[in-house]
Protein chains: 2
Amino acid sequence: MQNFTYYVPTRIEFGTGKEQQIGAMMAAQGVRKVLLCYGSERIMHDGLFATVSQSLAAEGIELVAFGGIISNPVISKVREGIAVAREHQVDAILAVGGGSVLDSVKAMAAGVTYGGDVWDLFTGKGQFDSALPVYAVMTLAATGSEMNASAVVSNEDTHEKLFIGSVALYPKISVINPALTRSVPRDYLVYSAADIIAHSIEAYFTASQHPNLQSRLVESVIKTVIETTELLLANPQDDDARGQFAWAATLALNGITFAGAAGFSYPNHAIEHSLSALFNVPHGAGLSVVMPAWMKWYHSRNPQQFARFADKIFGVQGAEAGIAALEAWFVKIGTPVRLSQLGIKESDFAAITANVRGNVTGFGIADIYTEAVIGEILHNAL
Amino acid sequence: MQNFTYYVPTRIEFGTGKEQQIGAMMAAQGVRKVLLCYGSERIMHDGLFATVSQSLAAEGIELVAFGGIISNPVISKVREGIAVAREHQVDAILAVGGGSVLDSVKAMAAGVTYGGDVWDLFTGKGQFDSALPVYAVMTLAATGSEMNASAVVSNEDTHEKLFIGSVALYPKISVINPALTRSVPRDYLVYSAADIIAHSIEAYFTASQHPNLQSRLVESVIKTVIETTELLLANPQDDDARGQFAWAATLALNGITFAGAAGFSYPNHAIEHSLSALFNVPHGAGLSVVMPAWMKWYHSRNPQQFARFADKIFGVQGAEAGIAALEAWFVKIGTPVRLSQLGIKESDFAAITANVRGNVTGFGIADIYTEAVIGEILHNAL
């Protein structure tokens with residue numbers, strides 16, 4: 001076991017109707033005026049905006065609405081949100097949406113208190129250790145942002161997709177009502193499954209030490225995602241499956257599965273972030289393409305763990321059989337496994353490789369991921 | 001999935017040498033004067049007291065030492081600690097020890113700010129929602145107290161063993177350096193294994209709904225405990241096994257394995273607390289006696305989950321085979337499985353049964369655990 005610090009002070013409020021209590025929860029923490037951020041206008045039509053705004057109004061919390069945050073959220077929109085937050089002098093920011101909205105909100109929360117341009121915090125040019133309090137009502141289960149301290153945002157000008165992280169960014173309270181994810185379209189459900197699996201496997205496969213306990217926790221999450229994705233594709237009304245899927249998404253990236261693992265990195269995310277930054281592909285769709293391709297290149301470096309994965313997750317023997325089973329499962333649920341399905345060609349590889357190489361340190365892949373290696377992995381995904 | 005709130009704001013500092021930083025950690029949180037509580041004088045001889053006190057002194061934190069806390073900690077000692085804490089006007093309490101020391105510290109922390117007698121908080125006669133800040137340096141991995149909000153203490157006069165719980169009792173910081181558990185004697189290692197398994201199985205078997213995700217997390221903990229106990233019995237120097245054992249102990253009772261489970265109770269703990277309260281048996285030793293006896297009585301009420309346990313944990317088929325395998329494993333590691341090994345006779349059953357019945361509500365077993373049922377379970381342990 002590696003030394004670690006585990007500190008996750010987010011309060012999770014999980015279950016039916018919890019979003020109706022968001023006003024009371026925030027008022028109890030002293031919030032008086034909030035910037036409510038969201039993505040599409042869907043929450044205006046399905047009643048969620050009304051529910052949340054009534055809950056806030058009932059406690060006398062003033063609300064400033066800020067919509068239009070897109071998937072693969074962009075820094076220009078974050079800057080816009082920061083300006084609105086400052087103009088209205090809000091004392092907290094509430095995300096109502098999925099990981100893109102929440103990540104944007106975290107960046108805004110840090111940016112409001114930071115003097116310079118918020119992108120400095122992503123590039124390392126600037127530092128921060130405080131932020132406005134962040135709250136969340138989740139409508140998508142995928143990114144785990146609801147119980148962690150980081151945020152990923154793209155810069156449209158520089159074509160970079162980078163992250164920030166700080167204890168200050170843990171949401172104070174995250175509401176996870178699985179029923180709110182019922183309106184997630186089929187394609188985003190399967191992309192989310194790929195995203196959760198990607199969060200689970202990075203440390204599992206790349207750590208120099210990954211104790212059995214942590215491996216078992218990872219396998220618990222992955223098996224649950226596979227099982228509940230299939231249940232939800234068969235019956236979108238299965239709220240128990242929806243609940244387990246949502247909680248698995250949270251556990252996959254709240255640190256519990258990798259605390260104690262040693263020396264791991266995020267190669268799949270490194271490569272996928274470049275696909276998203278350059279071609280605006282959905283994050284989960286990019287990951288389901290990258291993962292099998294990366295595994296085919298990497299598995300001989302950790303054959304025992306890949307054999308374990310094959311056995312524990314799919315009941316098949318041998319690393320290559322396990323990778324094939326994962327790829328087949330992605331095909332079965334309908335998430336892409338080839339770059340061509342994302343509209344990406346071999347002639348794009350040079351740009352992707354250069355983009356990945358620009359951000360290797362943040363993902364811990366400065367060591368073995370040369371341009372040639374990244375090219376080889378991309379070729380595996382052709 | 002059942003609605004739940006998950007909020008565990010304890011910071012875990014896990015790993016080699018972390019106890020040397022306890023002073024700096026506490027100073028950063030504003031602590032100036034601390035009551036340092038411990039059990040036996042062992043920490044005076046093995047250097048731990050010196051390490052911790054030097055770490056505190058280096059930060060200018062004043063120290064008042066308070067030793068002599070025993071296993072199955074007693075309320076008279078808690079009252080004594082409260083008096084010392086008040087006399088010296090400490091602003092925090094630090095436990096250096098195992099669950100008994102930490103639970104006593106939590107009770108003191110609540111009792112210092114409460115006006116009346118601290119036992120009122122256990123019986124429900126009194127209420128509290130604030131406490132002195134609690135810190136911990138753990139020397140035993142078993143109870144999970146380092147990452148939860150409850151404490152169990154015995155009253156020697158009334159022969160009750162009861163618990164308190166409050167968000168105010170989460171340790172601010174818990175140091176878990178597995179190497180500090182090296183001096184735990186063999187018998188307490190195996191009692192601890194039984195304790196962790198007991199924490200894991202209560203909700204697993206008794207919940208009216210126990211989703212697959214949560215069942216998998218429980219199984220991950222139990223399999224790890226079985227595996228690492230055997231490794232440690234074979235080689236007490238195996239610090240990786242020691243680390244996994246310690247982290248499994250923490251995860252078994254920090255809520256992560258049962259958040260989302262519905263309607264569960266603590267029958268094994270209910271019965272064992274009476275054994276400890278009346279006969280002062282080690283908690284884990286009592287639990288390894290009670291568990292198989294309880295399982296033999298209970299399994300037909302949840303046959304599917306018992307069959308699952310048999311298969312997943314021991315690779316055997318059928319509830320009874322699984323129970324037999326657990327009992328055999330307890331025998332193998334040398335923790336008791338019969339009341340006679342604890343010096344308890346059939347003539348003691350009336351007193352035990354009456355004691356259990358006195359506290360049924362706290363353990364959620366008011367429903368089916370009549371005197372006759374408790375007697376039947378005890379008979380299974382003869």
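**Close-up views of a predicted model**

**View 1. A sheet built from both chains.** In this predicted model, 7 strands line up as an open sheet with mixed pairing, in the order E4(A)-E3(A)-E5(A)-E6(A)-E9(A)-E2(A)-E1(B). At the edges you'll find strand E4 (62-66) of chain A and strand E1 (4-6) of chain B; each has a single partner strand, so one side of each is left without a neighbour in the sheet. On average, neighbouring strands here are turned by 15° against each other, ignoring direction.

**View 2. Where E6(A) meets E9(A).** Let's zoom in on one pair from that sheet: E6(A) and strand E9 (residues 173-176) of chain A run parallel and are joined by 4 bridges. Look for Met138(A), whose bridge partner in E9(A) is Ile176(A).

**View 3. A helix across three strands.** Helix H4 (residues 75-88) of chain A lies across E4 as well as strands E3 (33-38) and E5 (92-97) of that chain. The helix runs at about 160° to E3(A).

**View 4. Asp129(A), out in a loop.** Asp129(A) sits in the loop that links helix H6 (119-123) to strand E6 (134-138) of chain A. Asp129(A) counts as exposed because it has 10 C-beta neighbours inside 10 Å, and the cut-off for exposed is 12 or fewer. Leaving aside residues up to four places away in sequence, Asp129(A) touches Ser166(A) and Ala168(A). Ala168(A) is 39 residues away in sequence, yet the two C-alpha atoms are 6.2 Å apart.

**View 5. Met291(B), tucked into chain B.** Met291(B) belongs to helix H11 (residues 283-298) of chain B. Met291(B) is buried, with 26 other C-beta atoms within 10 Å. Residues up to four places away in sequence aside, Met291(B) touches Ala198(B) and Asn268(B). Its C-alpha atom is separated by 9.3 Å from that of Ile197(B), 94 residues apart along the chain.

Conventions:
Residues numbered from 1 in each chain as written. Chains lettered and ligands numbered in written order. Predicted model: local features only at pLDDT ≥ 70, side-chain atom pairs only at ≥ 80, totals over all residues. Helix = DSSP H or I, 4+ residues; strand = E, 2+ residues; numbered from the N terminus. Buried ≥ 20, exposed ≤ 12 C-beta atoms within 10 Å, placed from the backbone. Contact = placed C-beta atoms within 7 Å. Pairing = 2+ DSSP bridges. Axes fitted to C-alpha atoms, helices over the stretch in contact; angles between N-to-C directions.
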